[in-house]
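Visitor: I have a structure to look at and a list of terms I do not trust yet. Please take me through them one at a time.

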Amino acid sequence: MRFSRKLLGPFVGSLAKKLDYYSQFQPSSLTIQQYLDFGRIGTAANSYTFLKNELLVRLANIMQEFTLLPPKLLQMPSSKMVSNWYAESFEDLLLFEASDASPEQVARFNDQLTVVLKRHAHVVETMAEGLIELRESDGVDIASEKGIQYFLDRFYINRISIRMLQNQHLVVFGNVLPESPRHVGCIDPACDVESVVYDAFENARFLCDRYYLTSPSMKLEMHNAVEKGKPISIVAVPSHLYHMMFELFKNAMRATVEYHGVDDDLPDIKVYVVKGNEDLSIKICDRGGGVSRTILERLYNYMYSTAPPPPRDGTQAPLTRSHIGNMNIPLQAGYGYGLPLSRLYARYFLGDLFLVSMEGHGTDACIYLKAVPVEASEVLPIYSTSSRRNLTMGP
Ligand SMILES: O=C(O)CCCOc1c(F)cc(-c2c(C(=O)NCc3ccc(C(=O)O)cc3)noc2-c2cc(Cl)c(O)cc2O)cc1F
């Protein structure tokens, strides 16, 4: 992605050199246990010293991949805006490169992180606008579409990881308040899975009731295979788990109501939560009619999923979606990225998300998370010749 010379101005040379320098390093993958330990016993100075380098490495790795994107996408106004945000943030953080870890520098760094977080708040929507601009400009060939899919999965998981580093630092060492006094930064050392499931269900049900005036109920089964009969808790980022569950419940409710109609007795959504020695598994089973394998694949696809932009005035999201049949999609508030982004949240700490749909019957969605925190390592994209090959040649 060409960084606009206007922005880079005289720094083109030195910034390009810095990008080359920092993109040579592999991002350092942390386990959720390491985040927890550091949040409990680390110091602001050590966090600053690690972060000011690691953020430059993670930014440089993904910024170098930008340049491998299909030129047609790079030229879209919204794509250029995103690349300029990254260039600005990279430059901002470079200012701390040689700084000491004095309390004054740490305070300045914390303020800078707040600016960077705000600058990048709408990256997902803006990149989605870029895909819409591309689709409306001259369409996308299959090779570009596969390259875009490969890049965006890497781009968004990189963004999740950068925001995790920043938020964790600001909550533990800055003046951002944690969600709960028990939390260490954004991490809950004893995340009660059942309560997150209920929160996500009730909020999705509220949206469903508001639009359809009806909604399916939930039947929830909890099985703790490690400590029989005890509540299920894991070390997790509650906001990530909530995001995944909320999206999957919205999809299951939408399918169920659309398939059975608002006047029918709606079949329950059955949810199973099982904690094993290695995996925390959550399965959401609906009888919403299911989708064929071809449609299912499209739900993960950023090009297909990029719905028309939501109304700016906050009114109800568009009811139809051009690329997935004519199904009214009242619960879709964003650009249709709920599923691919949820899968990235699951994969971020070495979990995963799978869908098994039986067309004509219903869909099972399974989330797997690491039950052992020292095994839950960040999955971070590394800029290398293989990413170059995938982006330019397509898989
Ligand atoms: O807004 C977002 O982020 C995600 C927006 C996403 O919107 C969708 C949505 F919520 C649910 C479905 C859907 C349908 C369906 O709709 N079946 C009827 C039809 C059959 C064929 C076709 C077709 O040929 O096009 C279309 C619909 N059946 O199962 C699911 C289903 C999908 C997922 Cl990912 C899930 O976790 C649970 C489910 O029950 C499809 C969506 F697309």
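Guide: What follows goes through the sheet, the helices, the rings and two single residues.

Guide: This is a predicted model, in which local features need pLDDT of at least 70 and side-chain atom pairs count only at pLDDT 80 or more, while totals for chains, interfaces and linings use all residues. Residues are numbered from 1 along each chain as its sequence is written, and side-chain values use heavy atoms, with hydrogens and water left out.

Visitor: What makes β5 and β7 a pair of strands?

Guide: Strands (E, at least two residues) and helices (H or I, at least four) are DSSP runs, numbered from the N terminus. Two strands pair if DSSP finds at least two bridges between them. Between β5 (residues 279-289) and β7 there are 9 bridges, and the two run antiparallel; therefore they pair by that rule. One of the bridges has I284 with A365 in β7 as its partner.

Visitor: What joins β6 to β7?

Guide: Strand β6 (residues 352-358) is joined to β7 by 7 bridges, again antiparallel. A365 is also the bridge partner of L355. The two strands form a hairpin with 2 residues between them, and G360 in the turn has a positive phi of about 100°.

Visitor: Why is β7 called mostly covered?

Guide: A residue is buried under 20% relative accessible area, exposed over 50% and partly exposed in between, with a 1.4 Å probe and protein chains only. In β7 (residues 361-370), 7 of the 10 residues are buried.

Visitor: What is the order of the strands in the open sheet, and which are its edge strands?

Guide: The 5 strands are ordered β2-β4-β5-β7-β6, with mixed pairing. The edge strands are β2 (218-224) and β6, each of which pairs on one side only. On average, neighbouring strands are turned by 15° against each other, direction ignored. Strand β4 (residues 269-275) is joined to β5 by 6 antiparallel bridges, and K270 stands opposite C285 in β5.

Visitor: Which strands does helix α10 touch?

Guide: Contact means heavy atoms within 4.5 Å. Helix α10 (residues 193-212) packs on the sheet and touches β2, β4 and β5. Its direction makes about 165° with that of β2; axes are lines fitted to C-alpha atoms, for helices over the stretch in contact, and angles run from 0 to 180 degrees between N-to-C directions. Helix α14 (residues 338-348) also packs on the sheet, touching β6 and β7, with its direction at about 135° to that of β6.

Visitor: How do you know that the span of helix α4 agrees with what is expected?

Guide: The expected span is 1.5 Å times one less than the number of residues. For the 23 residues of α4 (residues 44-66) this gives 33 Å, and the end C-alpha atoms are 32 Å apart, which agrees. Of those 23 residues, 17 are buried, so α4 is largely enclosed by the rest of the structure.

Visitor: How many aromatic pairs are there, and why is Y211 with Y212 called edge-to-face?

Guide: A search of the whole structure finds 22 aromatic pairs. Rings of Phe, Tyr and Trp (its six-membered ring) pair if their centres lie within 6.5 Å; planes under 30 degrees apart count as stacked, over 60 as edge-to-face and the rest as tilted. The centres of Y211 and Y212 are 5.3 Å apart and the planes stand at 85°, so the pair is edge-to-face. Y211 is partly exposed at 27% relative accessibility, whereas Y212 is buried at 11%.

Visitor: What makes F354 and Y368 edge-to-face, and which strands hold them?

Guide: Their ring centres are 5.8 Å apart and their planes are at 65°, so this pair is edge-to-face. F354 lies in β6 and Y368 in β7, so the pair ties together parts 14 residues apart in sequence.

Visitor: Why is L380 called buried?

Guide: The relative accessible area of L380 is 13%, and the limit is under 20%, so L380 is buried. L380 lies in the loop between β7 and α15 (385-393). Leaving aside neighbours within four places in sequence, L380 is in contact with residues including P27, R58 and Y348.

Visitor: Is Q112 buried or exposed?

Guide: Q112, in helix α7 (residues 103-119), has 15% relative accessibility and therefore counts as buried.
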